[in-house]
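Got your viewer open? Let's walk through this one stop by stop, starting with a word on how its elements are named.

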Amino acid sequence: MSAQWKSTLPVSYCITPCQNCHAQIHDLSHHFDGNFYVSNLWTFLALSLGVLAENEREDLRDELRGIWLPGHPGTPNPLH
């Protein structure tokens, strides 16, 4: 796959239901030079609830790593 063609593709995620699927698809994406991120379903669920800690965001792109950090202003509180 040419670098020029890859740079025009939108960045996307492959969301996996379990850690085994995550590991396999992550390895395949590296092997075949895939242009997507692999993340667990629970990562997006926790992110949407505002309970995903900073150290649990390694599978996310930079624009999602800093949003809705627990305890920060503007983050929803799932307990209220």
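Helices here are DSSP runs of H or I with at least four residues, strands are runs of E with at least two, and both are numbered from the N terminus. Keep in mind that this is a predicted model.

Start with the whole chain in cartoon. You should find 4 helices and 2 strands, running α-β-α-β-α-α from the N terminus on. Of the 80 residues, 22% count as buried. Switch on a surface and you are looking at about 5700 Å² of exposed area, with carbon and sulfur atoms supplying 59% of it. As for how the chain comes together, 36% of the contacts with a separation of 6 or more are between residues 24 or more positions apart.

Now select helix α3, residues 41-49. Show side chains for T43, A46 and L47, which are the buried ones here. Look down the axis of α3: the buried residues fall within an arc of 105 degrees, so they line one face of the helix. What do they pack against? Add β2 (36-40) and α4 (62-65) to the selection, and you have the partners of that buried face.

Step just past the end of α3 and click on G50, where phi is positive, near 80 degrees.

Next, pull up A46, L47, L52, L60 and L64 as spheres. Together these 5 residues are the largest nonpolar core. Zoom in on A46: leaving aside residues up to four places away in sequence, A46 touches V51 and L52.

Stay with α3 but pick L45, which also sits in this helix. Is L45 buried or partly exposed? Its relative accessible area is 47%, so L45 is partly exposed, since the partly exposed range runs between 20% and 50%. Add I15 and L41 to the selection: with L45 they form a nonpolar surface patch, with about 260 Å² of accessible area together.

Last stop: helix α4, home to both D62 and R65. Show their side chains as sticks and you will see them meet in a salt bridge, 3.3 Å from N to O. A search of the whole structure finds 1 salt bridge, so there is no other to hunt for, given the 4 Å cut-off between nitrogen and oxygen. The two residues are 3 apart, about one turn of the helix. An α-helix has 3.6 residues a turn, so residues three or four places apart point the same way. On the surface view, D62 counts as exposed at 60% relative accessibility, while R65 is partly exposed at 36%.

Terms used. Residues are numbered from 1 along each chain as its sequence is written. This is a predicted model: local features need pLDDT of at least 70, side-chain atom pairs count only at pLDDT 80 or more; totals for chains, interfaces and linings use all residues. Side-chain values use heavy atoms; hydrogens and water are left out. A nonpolar core is a set of buried Ala, Val, Leu, Ile, Met, Phe, Trp, Tyr and Cys residues joined through side-chain atoms within 4.5 Å. Buried means under 20% relative accessible area, exposed over 50%, partly exposed in between (1.4 Å probe, protein chains only). Contact means heavy atoms within 4.5 Å. The arc is that of the directions from the helix axis to the C-beta atoms. Patches are made of residues with over 30% relative accessible area and no salt bridge: like charges are joined within 9 Å, nonpolar side chains (Val, Leu, Ile, Met, Phe, Trp, Tyr) within 5 Å. Accessible areas come from the Shrake-Rupley method with a 1.4 Å probe; for residues, only the protein chains shown count as cover.
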